[in-house]
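Here's a quick round of questions and answers on a structure you can pull up and turn around as you read.

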Amino acid sequence: MAPNDPSLSPAPTPETDPERLERAILSRLLGWQTMRGEVTFPCIPALAERYAQQVQGLARTLGQPFDAAALARLQALMAQRLEEGYGASPYSQLLVRYQTVPGPEPQLSWKVETVVVSSAQQARHFLRYRPPEVHDRYPDAKVEAIAATLGDPANAPILDVGAGPGRNAIALARRGHPVVAIEPNEAMAQQLRTMVERSGQSVQILERNILDGEFDLARDRYAAILLTGVVPYFDQVDQLRLLFQKLAPALRPGGLLLFDAFVGTGGWVPTRLVREWGRVTDAYPLAAAELEAAIAGLPLVLVSDEDALAYERDRLSPEARQARPWFDRWASGSRLFQLPRDRVPPMSLRWRVYERSRDR
Ligand SMILES: C[S@@+](CC[C@H](N)C(=O)[O-])C[C@H]1O[C@@H](n2cnc3c(N)ncnc32)[C@H](O)[C@@H]1O
């Protein structure tokens, strides 16, 4: 007779302990429950491990935690999907779905997908949430100040690159400047056309990506070129350099280039997480050395470098400030970082003005 013959084992004991019986019922209960849900995360590849831990927390709450091997597989899959999503568009979402699978051994099934949200879709969402008729009625104080230095407006054409809904372009046209507005995002460009039409002003609108190699700008033409809120869309120094390389010759000698950029304080260099999050929120911060590298050697001479938040706060009318609460939130960096009151972000939004050098 085999030594482990079941007929030799002691008879199993009936379990009567109420707590153990309850646990035994709970492990069967999953098959009788319906659990279904989804969680979305912004596609930030640097957060793959943290997101996987969050999903594990949820799985624990649902009574079905992942074992170590399954958790490692989940994290690898999430990392891959996050890279794919972020690569396709910084507005993409990671969608994690779960649901109970009925059967004799009930369990939860998990699905991890990427939902690509294009720039145009993001812009449509943005325009609904922040209607330009309400929030984009006022130009930047710095833009007005620059325009006031350009002499006769009729002889001072201005190029507004990344014009968005056109608050600056329209204000400049109203002052009498010939204005060309470039806006590649179809939803924004549509809004720009509507806003220009309603204003009764004349603005030439070009629905182009400024970096498009087949799109040339007239040389020596503009008295000023504006890039307001645009540099924080550029997350590659070489692309930023291409941008400045293209704009510099389009300025007249002595013409002004105005842009705002989030620049690291002191020698601060953003981490990978800060960079990815900055790109997702259209507030990409540059290390000071990166901005200098993007401009070095071009015929552009620095005229001024000011704190943009303080500049606008000190000069905008109370109505203008009230109409654009988004500006303080964005410019202060608090959209990126929720810090205690006694701390500030390691970067600030700068207004930079450069003059096209006069020697040709
Ligand atoms: C935050 S909005 C600013 C709009 C406007 N300049 C303002 O200050 O209200 C930034 C705009 O830059 C545009 N943009 C981003 N990349 C661009 C590119 N490569 N060429 C032209 N415009 C671009 C976006 O489509 C977006 O409308």
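Q: Is Trp 32 buried or exposed?
A: Keep in mind that this is a predicted model. Trp 32 has a relative accessible area of 78%, and the cut-off for calling a residue exposed is over 50%. So Trp 32 counts as exposed.

Q: Where does Trp 32 sit in the chain?
A: Look past helix H1, which covers 18–29, and stop before strand S1, which covers 36–42. Trp 32 falls in the loop between H1 and S1.

Q: Which residues form a nonpolar patch on the surface?
A: The patch offers about 490 Å² of accessible area when its members are taken together. Trp 32 is one of them. The full set is Ile 25, Leu 26, Leu 29 and Trp 32.

Q: Is Arg 275 buried or exposed?
A: Arg 275 is part of helix H10, residues 272–280. Its relative accessibility comes to 17%, and buried means under 20%. Therefore Arg 275 is buried.

Q: What is the order of the strands in the open sheet?
A: Three strands make up this sheet, with antiparallel pairing. S1 and strand S3 (107–115) are the edge strands, as each pairs on one side only. From one strand to the next, the twist averages 20°. Read across, the order is S1-S2-S3.

Q: Which residue in S2 does Thr 40 stand opposite?
A: S1 and strand S2 (residues 93–101) pair in the antiparallel sense, over seven bridges. Across from Thr 40, in S2, is Leu 95.

Q: Which helix packs on the sheet?
A: The helix in question touches S1, S2 and S3, and its direction makes about 20° with that of S3. Spanning residues 68–88, that's helix H3.

Key. Residues are numbered from 1 along each chain as its sequence is written. This is a predicted model: local features need pLDDT of at least 70, side-chain atom pairs count only at pLDDT 80 or more; totals for chains, interfaces and linings use all residues. Side-chain values use heavy atoms; hydrogens and water are left out. Patches are made of residues with over 30% relative accessible area and no salt bridge: like charges are joined within 9 Å, nonpolar side chains (Val, Leu, Ile, Met, Phe, Trp, Tyr) within 5 Å. Accessible areas come from the Shrake-Rupley method with a 1.4 Å probe; for residues, only the protein chains shown count as cover. A salt bridge is a side-chain nitrogen of Lys or Arg within 4 Å of a carboxyl oxygen of Asp or Glu. Helices (H or I, at least four residues) and strands (E, at least two) are DSSP runs, numbered from the N terminus. Buried means under 20% relative accessible area, exposed over 50%, partly exposed in between (1.4 Å probe, protein chains only). Two strands pair if DSSP finds at least two bridges between them. Axes are lines fitted to C-alpha atoms, for helices over the stretch in contact, and angles run from 0 to 180 degrees between N-to-C directions. Contact means heavy atoms within 4.5 Å.
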